[in-house]
Amino acid sequence: MIITETSTETSTGLDTVVPAGDGALVTVPAGGRLRIVDLHGNQAVDTLFYDAHDIANRYSAFDTIREQRAVFLSTGSRLLSTRLDELAVVTDDTCGRHDTVGGACSQESNVIRYGDFTRHQHACRQTFLRYGAAAGIGQRELTHNVNFFMNVPVTPDGGLTFEDGLSAPGKYVEITASRDLLVLLSNCPQVNNPCNGWNPTPVRLLGWW
């Protein structure tokens with residue numbers, strides 16, 4: 001679903017449910033708030049952020065982590081671009097922390113991690129390409145992503161592990177746009193590790209602008 005601002009009698013600009021394994025492209029104006037609600041718990045939402053007027057100015061996990069000296073994201077985290085521009089700020093979070101180092105699943109990485117039987121399973125990278133096409137976002141524009149609600153502990157030797165989520169039904173994270181944004185989401189279809197509780201479920205998107 002490609003979502004832009006809508007006019008209603010209230011201040012809500014967006015209220016929609018993204019089915020398990022599906023995605024969305026949302027335009028959020030500067031100052032707007034976008035809330036992602038984990039309806040059933042333990043559902044990872046892979047998310048990319050772009051300057052709506054220049055998609056080359058996009059989210060950078062490296063710069064976000066380095067500048068804030070924090071591997072995980074939560075309330076107060078500033079989401080920075082490759083140019084060190086502030087794209088958005090996490091202004092409310094009832095989950096506690098979110099991953100930005102685990103990356104998005106793809107058919108190629110699924111095969112490497114889990115075996116040939118996963119080769120034709122749907123993956124987040126396909127969702128990104130499907131919904132990003134409307135904004136000119138192709139393979140070259142795919143970059144580091146945030147994994148909202150996903151639990152990826154970092155081991156003492158710098159390794160990553162995919163663990164059961166820290167979220168629960170009704171938990172949410174809310175970001176406030178620091179500039180006009182394109183937010184590209186994949187409601188992760190992964191069934192080969194516990195990031196979705198082995199059972200992908202829908203999420204709700206709420207927006208105020």
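This passage describes the overall fold dimensions, the surface and the charged side-chain pairs of a predicted protein model.

The protein chain contains three helices and twelve strands, and its C-alpha atoms occupy a box of roughly 50 × 35 × 35 Å along the principal axes. The radius of gyration is 16 Å, which agrees with the value near 17 Å that a compact globule of 209 residues would have. Of the 209 residues, 50% are buried, and among contacts with a separation of 6 or more, 72% are between residues 24 or more positions apart. The exposed area of the protein chain is about 9,100 Å², of which carbon and sulfur atoms supply 51%.

With respect to charge, the protein chain carries 16 positive and 23 negative side chains, the centres of the two sets lying 3 Å apart. Side chains of opposite charge can pair when their charged atoms come close, and the structure holds ten salt bridges. One of these joins Glu-86 to Arg-78, with the closest N and O atoms 2.6 Å apart; Glu-86 counts as partly exposed because its relative accessibility is 25%, and Arg-78, at 34%, is likewise partly exposed. Another joins Asp-85 to Arg-179, where the closest N and O atoms are 3.9 Å apart. This pair links distant parts of the chain, since Asp-85 lies in the loop between strand S7 (78–80) and strand S8 (86–93), whereas Arg-179, 94 residues apart from it, lies in the loop between strand S10 (171–177) and strand S11 (181–187). In addition, Arg-33, Arg-35 and Glu-174 are linked in a network of salt bridges.

Notes: Residues are numbered from 1 along each chain as its sequence is written. This is a predicted model: local features need pLDDT of at least 70, side-chain atom pairs count only at pLDDT 80 or more; totals for chains, interfaces and linings use all residues. Side-chain values use heavy atoms; hydrogens and water are left out. Helices (H or I, at least four residues) and strands (E, at least two) are DSSP runs, numbered from the N terminus. The radius of gyration is taken over C-alpha atoms; the globule rule is 2.2 Å times the number of residues to the power 0.38. Buried means under 20% relative accessible area, exposed over 50%, partly exposed in between (1.4 Å probe, protein chains only). Contact means heavy atoms within 4.5 Å. Accessible areas come from the Shrake-Rupley method with a 1.4 Å probe; for residues, only the protein chains shown count as cover. Lys and Arg count as positive and Asp and Glu as negative; His and the chain ends are not counted. The place of a charge is taken as NZ of Lys, CZ of Arg, CG of Asp or CD of Glu. A salt bridge is a side-chain nitrogen of Lys or Arg within 4 Å of a carboxyl oxygen of Asp or Glu.
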